[in-house]
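This report describes selected features of the structure shown below. It proceeds from a single helix to a sheet, a helix pair and an interface between chains.

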Amino acid sequence: MGGLIQVENLKKYFPVKKGFLKRIVGYVKAIDGVSFIVNKGETLGLVGESGCGKTTLGRTVDRLLVPTEGRIYFDGREITHIQGKKLKETRKDIQIVFQNPKASIDPRMTIADVIGESLKEHSLVKDEKELKERVLELIREVGLEEEHLSRFRHAFSGGQLQRITIARTLAMGPKVIVLDEPTSALDVSVQAKILKLLKKLQKEHNLTYLFISHDLAVISVISDRIAVIYLGKIVELTDTKRIFNSPMHPYTWALLSSNPGLIPKHKPKRIILKGEIPSPINPPSGCRFHPRCPFAKDICKKGEPPPFTEVKKGHFVRCYFPYLAQKEWAPFLKEKLTH
Amino acid sequence: MTKILLDIKDLIVYFYTEEGIVKALEDVGFSIKKGETLGLVGETGCGKSTTASTIMYLLPPTARVLKGEIVFKGKDLLKLSENEINEIRGREIAMVYQDPMTSLNPVLTVEDQIAEVLIYHFTMAKKEVKERAINLLKDVDIPAPERVIRMYPHELSGGMKQRVMIAMALAGNPDLLILDEPTTALDVTVQAQFLNLIEKLQEKYGISILWITHDLTVIAEMADMVVVMYAGYVVEYTDVTSLFKNSLHPYTSLLLKAVPRIGTRVNDLEIIPGVVPNLLYPPSGCRFHPRCPSVKSICKKQKPPLMEVENNHFVACHLYNEN
Amino acid sequence: MVKSYLERSTVQVVKRRLLRDKVAQIGLFTILLIILISIFVPFLAPYSPVEPDYSKTLQPPSKNHFFGTDEFGRDIFSRTLYGTRYALIVGLGVVFLASAIGITLGLLAGYFGGITDGMIMRTVDIMMSIPALVLAIALAGVLGGGLKSIIIAIGVISWASLARLVRGETLSIKEEPYIEVADSLGISNLHIIFKHILPNISSSLIVYTTLSMPDAILTSAALSFLGVGMQPPTPEWGLMVSEGRNFLGSAWWISTFPGLAIMVISLTFNIVGDALRDALDPKLEGKGIIN
């Protein structure tokens, strides 16, 4: 198959323990059979709402969590269950940036130490002098100055802190960066800066991004391809243009129509899904989405969940009737495109 | 001619902290008419939450209101006693906070939380309270309200919790509803439901809404008038259509261009150079001048006053003050 | 050289806060005084603390003997001054011993959890269910009395509650995102424990250890009083109080002044401990640049 990152039928379940003896009474099926590849140099966007499993997915690909089932490959090598030294080595190649930049930084460390810590740990620099130079280089790359290095986290704004975490991430020269809601906690104007910085760094260092967000607009501007996740499974995956021009899965449609735009006083006709997102402990039978789907038929409710099929070249959908939503809801899309 | 419900004038609020004086609000002023939705928009530190806290008189002990009036239904809230404010809070002015998780008391059932408001502000028999609570929950589109009133916050989803908060706010029959970032923590599909709900409620009850958010897309859809704040003061104040189609203040224009839109790419986003200033040491003159692409020498010396530049369109910017 | 608040580390913020607290200053000054006394006592004490002078027994406080003399004619004032040494040595000794054991075990239990946690915490539970003083007496007795055995005995009874405190704090710091980050950077467990967790729990540790000094000193005094601690003629305060027991009616000064000394040092450490707790308050991170 290829791709720098390859994920095959990945599952991550968390046991639910109850009672005095901590018996396992069930599992939170956070990720339940996810497969995709990420090509070198591209940005794959993962979008979904709370409970969909996107955060767990990011942490599992990064191997902060150990998969329950399935496989993960990096550059052809399987990394699903590696531990110890091998895992430490892989850390240099796959890195992660978290949502809350302030909480990601130890309040007791100077920024210089924050950025340089991994360099020391992995013996990537010969001596203090080289460490200092490298740290200086990194902080400049993210748009900050030397004087910032001696300060502590309380001295910085959210946007600056996120730059610092990005500098820290770059220190080891990773090939893949998982970005877990990197701009969700930031103001709009700061978000724009960070997104631009990420784009610039991607070009300069030939980075591959796995960009996770709940914000469809943000995902749309930065991703090359987008995967829509619902309740632990990918329901649609294709390139950015096609997701917005010709979405197929009803959930994708609902997400798109929920997004407010920038037209004043414009209350768009919305596809409002009935009900709420079910718990991942007891996902619905058959197609996970069927209780909320206005088109659900018998086959959707019973039997197997629909397979993830390549309906058109490069366009994957998990639905028994992938063309239904398009037929019914085409007028909604026309509206969307006039933003 | 619709009546003015809330009129804020020349509000100055500073915080006296360990590190120094934070000049949080400078000459803030705007008004809300009956039945109108005013969007208060700005980024972190602009003072929008402080403004809301000042209206509700829920400021931390380090805060000092140095100047200004907040006239609500003819009375200046800043001159009222603690008792008088308590009468108004929760009754005539109600606030819904950003995080429903921490705003609901985890050991009280939904019914008890709503009852608190009803019992404090109206004298109601227990049976009446229960009925009213159920009706309020119906109003906010919560299914099976008879069951929900007996539930605890942790048994409810995020969207449901947010609606319970609205129900609590409506319990007092308020004239003004202050929503402080109500949708920031919500999923986009839940947010869509929420926006629809608020529309419906506003139509039904004719309440005025002060909608505080940093999300311009929500403002576009829900607001009638918009106030844009930056670093503690009002930079632009006009109706929503004029703001989006014809923004006058450089900050507003840049802000609008920084919002990601479906169909555009990262390269299309505009950035505002620099960072939001530290309000311990705010810039001289116009607080936006260090970052403004159209800065002139007068901007560094004098703070531009908020002036009506076009019909019902106020801007605080020297570009429009040729005098 | 006032650094901008942006560059102020925790230590510097704490220093600033302490300097503003008058009561804390008195406490700190007193501690400094006690330390200086303990160092320079050979030059400060007018008489020898152990040599008897049978011509001057049981004399009340006077110009020549500020605190009077005991039944061996020894100057109580000089003995009290020398007592500062024993108080400080025992206090610091116990704190170091208890910390070494308690902090290490607490960190391991909190960080690794599972069986490690289980075993350590059960040991802690056992330690804490034995009456401390009884155990200390027994241990001191077995070890034969004297400075070393006091320190060991009291250290052994003190580490358990420290371990519990450290474990609790470790558990909550462990949940902080920056710990997960360290993991994702491939930082080894040992480094995470000592470079990330320990510095971030240090505030509580400082407060705890400061406040546990008076405890150690009082316990040591109790042990000596009961005869299993320091042995005569050592000028240790607890022993001095004990030796003056038979003279409470006639020569009250023999027990009273060492007793007051114990009280003063305990009070001082308590004051400083409280002041440190206030100064290390969580709102420690400089007020944000944006309100």
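## An enclosed helix in chain A

Helix 9 of chain A, spanning residues 250-258, is largely enclosed by the rest of the structure, because 9 of its 9 residues are buried. The model from which this is computed is a predicted one. A residue is counted as buried here when 20 or more other C-beta atoms lie within 10 Å of its own.

The buried residues of helix 9 of chain A begin with A:Pro250, A:Tyr251, A:Thr252 and A:Trp253. The list continues through A:Ala254, A:Leu255 and A:Leu256 to A:Ser257 and A:Ser258.

## The open sheet of chain A

Chain A also contains an open sheet of 8 strands, arranged in the order 6-7-8-3-9-10-12-11 with mixed pairing. Strand 6 and strand 11 (309-312) of chain A are the edge strands, each pairing on one side only. From one strand to the next, the twist averages 25°.

Strands of a sheet pair through backbone hydrogen bonds, either parallel or antiparallel. At one edge, strand 11 of chain A pairs with strand 12 (residues 315-317) of chain A in the antiparallel sense, over 3 bridges. A:Glu310 has A:Phe316, in strand 12 of chain A, as its bridge partner.

## Two crossing helices in chain C

In chain C, the axes of helix 5 (residues 132-143) and helix 8 (residues 189-225) come within 11 Å and cross at roughly 55°. Helix 5 of chain C and helix 8 of chain C are therefore oblique to each other. The crossing of helix 5 of chain C past helix 8 of chain C is right-handed.

On the helix 5 side of chain C, the contact is made by C:Leu133, C:Ala136, C:Ile137 and C:Ala140. These meet C:Thr219, C:Ala222 and C:Leu223 in helix 8 of chain C. Classified by residue type, this contact between helix 5 and helix 8 of chain C comprises 6 nonpolar residues, 1 polar residue and no charged residues.

## The contact between chains A and C

Between the chains, 24 residues of chain A are in contact with 24 residues of chain C. On the side of chain A that touches chain C, the elements giving two or more residues are helix 2 (84-91), strand 6 (94-97) and helix 3 (111-121) of chain A. Helix 3 of chain A provides the largest share of that side, 3 residues.

By class, the residues on the side of chain A that touches chain C divide into 8 nonpolar, 8 polar and 8 charged. Strand 6 of chain A thus appears in two settings: as an edge strand of the sheet and as a contributor to the side that touches chain C.

Technical notes
Residues are numbered from 1 along each chain as its sequence is written. Chains are lettered from A and ligands numbered from 1 in the order in which they are written. This is a predicted model: local features need pLDDT of at least 70, side-chain atom pairs count only at pLDDT 80 or more; totals for chains, interfaces and linings use all residues. Two residues are in contact if their C-beta atoms, placed from the backbone, lie within 7 Å. Helices (H or I, at least four residues) and strands (E, at least two) are DSSP runs, numbered from the N terminus. Ala, Val, Leu, Ile, Met, Phe, Trp, Tyr, Cys and Pro count as nonpolar, Asp, Glu, Lys and Arg as charged, and the others, Gly among them, as polar. Axes are lines fitted to C-alpha atoms, for helices over the stretch in contact, and angles run from 0 to 180 degrees between N-to-C directions. Angles under 35 degrees count as roughly parallel, over 145 as roughly antiparallel, 65 to 115 as roughly perpendicular and the rest as oblique. A crossing is left-handed if the near helix is turned anticlockwise from the far one by less than a right angle, and right-handed if clockwise. A residue is buried if 20 or more other C-beta atoms lie within 10 Å of its own, exposed if 12 or fewer, and partly exposed in between; C-beta atoms are placed from the backbone. Two strands pair if DSSP finds at least two bridges between them.
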